[in-house]
Structure formats: C-alpha cells, structure tokens
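Work through the following exercises with the sequence and the model side by side, and try each task before reading its solution.

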Amino acid sequence: MKESGRKQGAASPCAACKLLRRRCAQDCVFAPYFPADEPQKFANVHKVFGASNVNKMLQELPLHQRGDAVSSMVYEANARVRDPVYGCVGAISSLQQQIDALQAQLALAQAEVVHLRVRQTVTMSNNGLSPGSPSNSGSPSSRLMGSQGKPYFDMDMMDHSSLGEAMWSC
C-alpha cells in the first residue's frame with residue numbers, strides 16, 4: 001500500500017478529495033488508501049458505501065487496521081459494481097460451485113484409479129503374478145521372466161505353449 005496518495009512536494013489531491021472536489025488536507029484520512037493515480041478505486045467505494053460512511057469507519061478504526069478495512073471495502077464495492085444484486089456472495093457462490101464440481105471430478109478420477117488397480121491385480125493374479133513381486137516391475141524385460149525368475153524363452157526343449165498365452169495377456 002502506498003504511504004500517501006500525493007506525491008512529495010506536490011499539492012495533488014488524493015482520489016477521494018478529487019472526486020469529492022474538495023481541498024486535500026495534510027491529515028486527509030483517505031490519502032494513504034486512495035492515491036490520485038487510482039481514481040476508480042475510490043469511485044466504486046463511494047458509490048457503494050458513501051464517502052461519509054467510509055470516513056466514519058476509518059476514523060473509528062486504529063491505524064494498523066485501516067488498510068485491511070479499505071481492502072475489504074474496495075473488494076466489496078468492486079463486487080457490487082460487477083454484480084449489484086449478490087456482490088461478494090455471488091463470487092463466493094460461484095467459487096463454491098467450482099469447488100463442488102472439482103471435488104466430483106476428483107472423486108471420479110480416484111474411483112477410476114481404484115478400478116484400474118483392481119483390474120490390474122486381477123489380471124496379475126490370473127497370470128500367476130503377485131502385485132508386489134519383483135517380477136512385476138513393469139519393465140519389458142521383467143515380463144519375459146517367469147514367476148521363478150527364469151526366462152520364458154529358455155533354450156531347452158520344454159513345452160512352452162501355455163507361456164505364450166500368459167505373455168500376450170499382459
């Protein structure tokens with residue numbers, strides 16, 4: 001936040017005094033929060049709350065709370081200008097609807113992950129592999145290994161007809 005709404009040494013009024021067409025005093029309550037280069041900021045606050053009410057609110061607050069109060073008033077005033085009926089409540093409601101939609105998408109994605117993991121576990125158990133076995137690392141070379149760590153393509157003359165079926169179902 002700027003320290004003052006006026007440039008040092010210049011007699012330029014703050015945005016509030018300029019809009020209200022009055023002389024900006026050295027101790028102007030608006031000057032620290034409504035600088036001259038942001039006239040729309042005070043215009044919206046004035047339109048929604050009124051300059052007199054804003055002045056009263058700021059006078060009643062300790063100095064260290066005034067900046068936060070002005071930020072809140074500016075936010076509410078801008079929301080009221082955009083949505084005169086609902087203001088901030090409309091923005092909050094819209095954000096809540098987005099949260100609800102995203103939570104539903106997240107739940108669907110999590111359910112899909114669980115479904116795919118169950119399907120993967122069933123497929124592995126049908127092939128004689130356990131989900132946590134070292135032969136199930138997912139690498140191509142591990143798929144060529146049997147459950148005992150022997151390669152499927154051994155050079156012996158054993159019958160490997162059932163192994164081909166297991167290999168291609170992965």
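**Exercise 1.** Why is the sulfur of Cys-24 not in a bond with the closest cysteine sulfur?

*Solution.* Begin with the basis of the work: this is a predicted model, in which local features need pLDDT of at least 70, side-chain atom pairs count only at pLDDT 80 or more, and totals for chains, interfaces and linings use all residues. Residues are numbered from 1 along each chain as its sequence is written, and side-chain values use heavy atoms, with hydrogens and water left out.

Next, recall that a disulfide is a covalent bond between the sulfur atoms of two cysteines; here the rule asks for a pair of cysteine sulfur atoms within 2.5 Å. The closest cysteine sulfur to that of Cys-24 belongs to Cys-17 and lies 3.6 Å away, which is too far for a bond. By this rule the count comes to zero disulfides, and Cys-17 is accordingly in none.

**Exercise 2.** Decide whether Cys-17, Cys-24 and Val-85 are buried or exposed.

*Solution.* Buried means under 20% relative accessible area, exposed over 50%, and partly exposed in between (1.4 Å probe, protein chains only). Cys-17 counts as buried because its relative accessibility is 1%, and Cys-24 counts as buried because its value is 13%. Val-85, by contrast, counts as exposed because its relative accessibility is 62%.

**Exercise 3.** Describe residues 92-119, which carry a UniProt feature.

*Solution.* The unreviewed UniProt entry places a "coiled-coil region" at these residues, an annotation that may be inferred rather than shown by experiment. In the model, residues 92-119 are 100% helix and 0% strand (helices are DSSP runs of H or I, at least four residues; strands of E, at least two), and the end C-alpha atoms are 40 Å apart.
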